[in-house]
Amino acid sequence: VASDETLKTTVDAPKSKSRVNFGSLFAQGLKAAGGSTSAASGPKDPHNRDGKKRRIQDGPETSMIGRGVRDPSEQYLSSPTNTPMVRTFRSFFSAHAPDLVGPVKVYVGPVGGWRTLAKLSVRQEATSRIEAKQTKYKQSKPSSPSPAGTTDLRIGLFAPGSHRVVEIPDSRAHAPSLNRATKIVKASCAKARVRGYVTGSDERGGLGYLVLSEERATKRVQLTLVFCAENENQVDQKRLKLLLRELEKAGEAEGGPEGDFLWHSIHVHCNPADRHDNSILGREGTWRLAWPSTDAQRRDAIKGTKEALALPDFAAAVGPYEPRLFFPPNVFRQANLDQFTEIVKVVRKFVPRGSKVVELYGGVGTIGLHISDLVSSLNCSDENPFNAACFQEAAATLPPDLAAKLSYLTKGAAGMALDGAISPWEDRGGSSNGAEVVIVDPPRKGLDPEVLDALTATAVHTGQPSGGCSYPSRLIYISCGFKAFVRDASRLLGLAVSPSSSRRGKKALGKKALSARVSKWRIVHAEGHVLFPGADHVETVAIFERV
């Protein structure tokens, strides 16, 4: 593997306002680690070297992935902190964070058994072109079982560069309960003759995905069966009832260490397949809690799995009142909660005591609830309408004086920015009431343009009497998409001054007496966390301070 100097040549420009060529930077990082620059998802499909469209023939699973890797998620397992992405990560901060002392550290936890949330694809592999062609014209009829031996139901991950499912029945990354649950689902589908979704078809009613989430304290599994359908009318009800009955029986036989059911709950969700949308779960689709059946159990199950992060300093501050997080299947949850707990610990170190905090992309409050002892106020927000109830349920487990400092708003980050939640603001009442600390944990696409506009704008004199100007002085950025982070950080650091792509954002910010000048930030701390050991991925934690 090439040295770090190889990568630094793409980013070692003078510390002036020069644009970062992060496309070149990523290509260099991938090339230095021996990867391909033609597809970010992994090596090329060995059956399609010339790029022409052709049917992928059946063959050994290892041939679908290449390099002898049976599980696509284990490609970099031998060296999880030296992947192309991690090397690019280190090079960026080496070149553009002069205030950092020494190299940026990258942390990784256990490489086995860390995944307590898994989203697995379910596909019906057709054995002939005729069958594949026939399923293409099934528009809305419930899918019917095929004769035994004509198809193969597969549950697993897509091979890189394809929609071919590679089965991982004994995944090293998965918690043991998830592997057991996956095998039970496959066996139960066979008994109930439930059919999987056929890739590329317009067929409705097939089982498309499994979402499995372990409740770490009890080892019970929250199972969501995702059918490719508009609603349950397009699913074979007789087969579905038989499947649920088989799952219930098998769950009792495969109970955890306490002899309890394997299942925490079983949910049925319908989300039609769309070639233009790869979302596994949809908010518009139908949701149903299919098991358990008794009222008392259902009231508990519908709240979702319960998790505690076990932060020693938080427990020391509030005693036995650490918040219980609630994760029903229709909200976001980290797959590696153990390692994400380490990120929350870092966030706590950089939240000044008594500060006013605004958290965007806040989810169910995994971060925000765990800084409630430090803040004078916390305004948390997220666009998912299912999050607010989870946040309020968790806040109720805190002492009343802490819960009173917290508020939650169901609104997207762009809307919050347009409303001035994180903008510099001149107060006419003689006091500064704006956010002092902003926490963002956006999806892989990065910050919304409106958020960047607000963070890089400066207040202008309005001619009205004012007692002071409120500026967010610290930005805590947690990123799961490093390429988007490079783009956003370049704007914040003044390396790439580009206008917002949102005309609506410019117009709204103008109404709040904000100028379009870029306000420069600097990075005072950064570190990486490998949340998915074996994948080419790094979670970034960066602390920005306003210059």
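In this report, helices and strands are runs assigned by DSSP, with at least four residues for a helix and at least two for a strand, and they are numbered from the N terminus. On this basis, the protein has 16 helices and 19 strands. The model described here is a predicted one.

## Overall picture

Of the 547 residues of the protein, 52% count as buried. The surface that the protein exposes amounts to about 24500 Å², and carbon and sulfur atoms supply 51% of this area. Among the contacts between residues at least 6 apart in sequence, 74% join residues at least 24 apart.

## The eight-stranded sheet

An open sheet is formed by eight strands, and its order is β1-β18-β19-β17-β15-β11-β12-β13, with mixed pairing. At its edges stand β1 (106–108) and β13 (406–410), each of which pairs on one side only. On average, neighbouring strands of this sheet are turned by 15° against each other, direction ignored. Strands of a sheet pair through backbone hydrogen bonds, in either a parallel or an antiparallel manner.

Several neighbouring pairs in the sheet can be followed in detail. Strand β11 (residues 355–360) pairs with strand β12 (residues 375–382) in the parallel sense, over five bridges. Here Lys356 stands opposite Ser377 in β12. Strand β11 also pairs with β15 in the parallel sense, over four bridges, and the bridge partner of Val357 in β15 is Val437. Strand β15 in turn pairs in the parallel sense with strand β17 (residues 474–479), over four bridges. In this pairing, Val437 has Arg474 of β17 as its bridge partner.

Helix α11 (residues 387–395) lies across β12 and β13, and runs at about 170° to β13.

## Strand β15 and the loop after it

In a regular strand the side chains alternate between the two faces of the sheet. Strand β15 (residues 437–440) is covered on both faces: Val437 and Ile439 on one side, and Val438 and Val440 on the other, are all buried.

Asp441 is found in the loop between β15 and α14 (449–455). Is Asp441 buried or exposed, and which side chain of opposite charge is nearest? Asp441 is buried yet has no salt bridge, and the nearest side chain of opposite charge, that of Arg444, is 11 Å away. A salt bridge requires a side-chain nitrogen of Lys or Arg within 4 Å of a carboxyl oxygen of Asp or Glu. When neighbours within four places in sequence are left aside, the contacts of Asp441 include Phe340, Leu360, Ile367, Ile478 and Glu539.

## Salt bridges

The count of salt bridges comes to 23. Three of the pairs are listed below with the distance between N and O atoms.

| Positive residue | Negative residue | N to O distance |
|---|---|---|
| Arg522 | Asp99 | 3.4 Å |
| Lys345 | Glu342 | 3.2 Å |
| Arg474 | Glu545 | 2.3 Å |

The pair of Arg522 and Asp99 links distant parts of the chain: Arg522 belongs to strand β18 (residues 521–530), Asp99 to the loop between α4 (84–96) and β1, and the two are 423 residues apart. Arg522 counts as partly exposed at 32% relative accessibility, and Asp99 counts as partly exposed at 39%.

Glu342 and Lys345 both lie in helix α10 (residues 337–349), three residues apart, which is about one turn of the helix. Glu342 is partly exposed, with a relative accessible area of 31%, and Lys345 is partly exposed with 28%.

The salt bridge between Arg474 and Glu545 joins two strands: Arg474 lies in β17 and Glu545 in β19 (residues 539–546), so the pair ties together parts that are 71 residues apart in sequence. Arg474 and Glu545 are both buried. Through salt bridges that share partners, Asp99, Arg474, Arg522 and Glu545 are joined into one network.

## Backbone features in loops

A cis peptide bond joins Trp291 and Pro292, with omega about 10°. Pro292 is placed in the loop between β8 (286–291) and α8 (295–301).

Lys219 has a positive phi of about 65°, although it is not a glycine. Lys219 is placed in the loop between β5 (206–215) and β6 (220–228), and is partly exposed with a relative accessible area of 37%. Ala310, also not a glycine, has a positive phi of about 60°. Ala310 is found in the loop between β9 (305–307) and α9 (312–318). With a relative accessible area of 53%, Ala310 is exposed, because the term applies to values over 50%.

Terms used:
Residues numbered from 1 in each chain as written. Predicted model: local features only at pLDDT ≥ 70, side-chain atom pairs only at ≥ 80, totals over all residues. Heavy atoms only, no water. Buried < 20%, exposed > 50% of the residue type's maximum accessible area, 1.4 Å probe, protein only. Contact = heavy atoms within 4.5 Å. Areas by Shrake-Rupley, 256 points an atom, 1.4 Å probe, with all protein chains shown as cover. Pairing = 2+ DSSP bridges. Axes fitted to C-alpha atoms, helices over the stretch in contact; angles between N-to-C directions. Lys, Arg positive; Asp, Glu negative; His and termini not counted.
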